[in-house]
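Open your viewer and get ready to click around. We'll go from one selection to the next, and at each stop you'll hear what is there.

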Amino acid sequence: MDLTTILAAGIATGTILLFAALGEIFAERSGVLNLGVEGMMLMGAVVGFGVTVSTGQPWLGLALAMAAGGLLSLLHAVMVITFQADQVVSGLSLTFLGTGLARVMGEGLSKAGAISLLPKLTVPVVADVPILGAFVRDQSILVYVGYALVPLAWYWIHRTRQGLELRAIGEYPTAADALGVDVYRLRYRYVVVGGLLAGLAGATITLAIQPGWFGDLTVNGRGWIAVGLVIFAQWDPIRAAVGAYLFGAISRLLFDLQGPSDFFGVANPIFKDHSLTFFLEMVPYILVIVVLVVGSREAARKRLGAPAALGRPFIRGERGA
Amino acid sequence: MTPAAAPRRSVTRTPVEVRLERRLEVPHWLGGATTAGAIVFALALSALIIAIVGGDPVKTYLHIVTAAFGGPGVISDTLVTATPLILTGVACALAFRMHLWNIGAEGQFFLGAWGASAVVLVPLLPPGTPGIVLIPAMMLAGFVCGALWGLIPGLLKARYGVNEIIVTLMLNYVAIAWNLYWVFGPWSEGGFQLTRQFPRSSWLPRLTDLASIDRAFSGLTVHLGFVIAVAVAVMVAFVLRRTRWGYEVKLIGDSPQAARYAGIDIARMTILVFAISGGVAGLAGVSEVAGVVHRLQGAISPGYGFTAIIVAYLAKFDPLKVIVAAIFFGALTLAGREIQPSGIPAMIQGILLFSLIGSEVLLRYRIRFVRRIG
């Protein structure tokens, strides 16, 4: 149990949350809440794993996993953008559908055994730097994709014309529409981007970080944690990355707490009574709630908030905010 | 809409344009018809998927019908499975009616089951307490525990504006871990993930208890919990329809702005409705431990609290219709236990929910195919 190991493992598992949270940031910035992240991640996880089991091609698995997530999100897009259905209910349905479909498709996959995973990379020289080296030593290639995606997403949202349009349709779609921005088409695009990234997040679990298929437990609520993380991150990719890696590190730390019989001479109660580990299992979920409370107060103080039109359908030709 | 902008609304680029026109009036028969249509559509689509993954849809559906309604014994089993779904369904329907997204019925169910078990196992009442005292005490404890669990998201939403969906979901995981701690730890029997069996005085009366009077009742496990569940559903329906308080719940749900102008304290109502919703879901947990398993164990719910969301939605948030929807899903859950692959019932639920929200579009809009000019 040393800091570097915890950091390295935290970055690896945090990458899963990072992809899902980035995808949700894009969808929510465009004004569409998608609560189907858990379902899309499960689909991505099972498709990525299943395809790799039967073809031996993890890259193909990854591509199809993203496609599966994207397809599911398209269903949500049709429901809430074209049909103007309630975004909360449609997103929940997506989680149900994704979970059920994934379980049907995953039948028998739990006995699949080892598969070929996506490659791991080490950046020479930098890897030998203490602490910082954990970021680039023996990490999955997807972790590096995560590093690249964060500044890209930030730049796209805050520094490009497309990003300006994205923020506009999430804050004030009527005005964006008046300026000739196609609100419907852009919302479709960003919801599907969210789905692709959720699929990627799912595949990151089964093809890189924690390979294997364990039914619902493969994702085990991490899709929901990602949705909570977006609120904590105040819809900003960089804050999302910090939150995701920190969250990953804390989860790892909690896992490591179960091992030793004592800490610096103080007896470890969990070592003696193993059922106490269930309290450790609660911590990440309680942490999300605490983070939400803190985040909402901070957002209120700084007058930062969700995209103003988040959750509201845009109906062209009708007056609205 | 200006003519110049019209083409952009088109869904396709063909000369025929699909347009949604808002209905000014909804024909009264259309509500039931679209729901029925949505169910048929969902079952058909599910059948297709079952066939694709190599199953036999006809056999699957026939199995569901016979395994759920094929005789008094299995009908009784269906009602037993429907009981927790009615209670959690009513819990969700009440909260949803006020547009409070309580996705935490599952956790509140577990807390209710834990509270009822605490009465017997701590024990809060001395062993040998007669059932007439013990059972109401268990119900009270379960209700209070569920209500406290519901109070957390209610308070956080009312005070800090924290999103209740995420909080209730996170609390589900916390509640399940809490329950596992007790069944693996202090209350474990012989290291297994279950507690000792409760004394008979804590069992809810079952129809099979009357077997000595009439042999026909023998083996029928439907218990008093079903009657309680129906009574709670009727009570909540009455409150929503006939009382000022129920009117306020509906008003906040339909138009928070109007409710605020009417001087309704929305924060107070949020906390209260969340607590009651949690308490009712907690009763479902009580009913399961006292009526079915007669002990606390790790796996006590196959996801009743999540299915309840669909039950409430299918019932259009009407507690009386929740009873019917819960029996439908009770049948699906019961028969689903033997269906392979095991994910099929969950998948059918997801498809059904989607086709229900899709069908609502038909209620609100008329779909017109318009030939484009030029």
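Start by selecting G56(A), which takes a positive phi of about 75° just after helix α2 of chain A. Helices here are DSSP runs of H or I with at least four residues, strands are runs of E with at least two, and both are numbered from the N terminus.

Before moving on, some housekeeping. Residues are numbered from 1 along each chain as its sequence is written, while chains are lettered from A and ligands numbered from 1 in the order in which they are written. This is a predicted model, so local features need pLDDT of at least 70 and side-chain atom pairs count only at pLDDT 80 or more, while totals for chains, interfaces and linings use all residues.

**Stop 1: helix α2 of chain A**

Now select residues 37–55 of chain A, the 19 residues of α2(A). From first C-alpha to last, α2(A) reaches 26 Å, close to the 27 Å expected at 1.5 Å a residue. That expected span is 1.5 Å times one less than the number of residues. Is α2(A) mostly covered or mostly open? It is mostly covered, with 16 of its 19 residues buried. A residue is buried if 20 or more other C-beta atoms lie within 10 Å of its own, exposed if 12 or fewer, and partly exposed in between, with C-beta atoms placed from the backbone.

**Stop 2: A65(A) and G202(A)**

Click on A65(A), which lies in helix α3 of chain A. A65(A) is buried, with 34 other C-beta atoms within 10 Å. Leaving aside neighbours within four places in sequence, its contacts include G44(A), V47(A), G48(A) and G202(A). Two residues are in contact if their C-beta atoms, placed from the backbone, lie within 7 Å. For a longer ruler line, try A65(A) to I289(A): these are 224 residues apart in sequence and 30 Å apart in space, C-alpha to C-alpha.

Next, hop to G202(A), in helix α8 of chain A. G202(A) counts as buried, with 36 C-beta neighbours inside 10 Å. Beyond its neighbours within four places in sequence, G202(A) is in contact with A65(A), G69(A) and V219(A), among others, and also with M40(A), M41(A), L42(A) and M43(A). L62(A) is 140 residues away along the chain, yet its C-alpha atom is 9.2 Å from that of G202(A).

**Stop 3: V80(A)**

Go back to helix α3 of chain A and pick V80(A). V80(A) is buried, with 26 other C-beta atoms within 10 Å. Which residues does V80(A) touch, not counting those up to four places away in sequence? They are V32(A), A85(A), Q87(A), S90(A) and P313(A). The C-alpha atoms of V80(A) and V32(A) are separated by 7.9 Å, with their positions 48 residues apart along the chain.

**Stop 4: where the chains touch**

Show both chains: 40 residues of chain A are in contact with 40 residues of chain B. On the chain A side, α3 (58–82), α4 (87–105), α9 (222–232) and α12 (277–302) each supply at least two residues. That side divides into 23 nonpolar, 10 polar and seven charged residues. Here Ala, Val, Leu, Ile, Met, Phe, Trp, Tyr, Cys and Pro count as nonpolar, Asp, Glu, Lys and Arg as charged, and the others, Gly among them, as polar. The predictor gives the complex an ipTM of 0.86 and a pTM of 0.88.

**Stop 5: chain B**

Show chain B alone and look for its 13 helices and two strands. Its C-alpha atoms fill a box of roughly 85 × 55 × 40 Å, taken along the principal axes. Of its 374 residues, 49% count as buried.

Then select residues 224–242, helix α7 of chain B. Its 19 residues should span 27 Å at 1.5 Å a residue, and the end C-alpha atoms are 27 Å apart, which agrees. Among the buried residues of α7(B) are F226(B), I228(B), V232(B) and L240(B). The buried residues of α7(B) pack against α3 (72–97), α8 (244–254), α10 (266–293) and α12 (319–336) of chain B.

Finally, colour chain B by pLDDT, the predictor's confidence in each residue, from 0 to 100. The mean for chain B is 89, and 94% of its residues reach 70 or more. Over residues 1–10 of chain B, though, the pLDDT is below 50, and this stretch has six contacts in the model beyond near neighbours in sequence. Where pLDDT is low, the predicted coordinates should not be read in detail.
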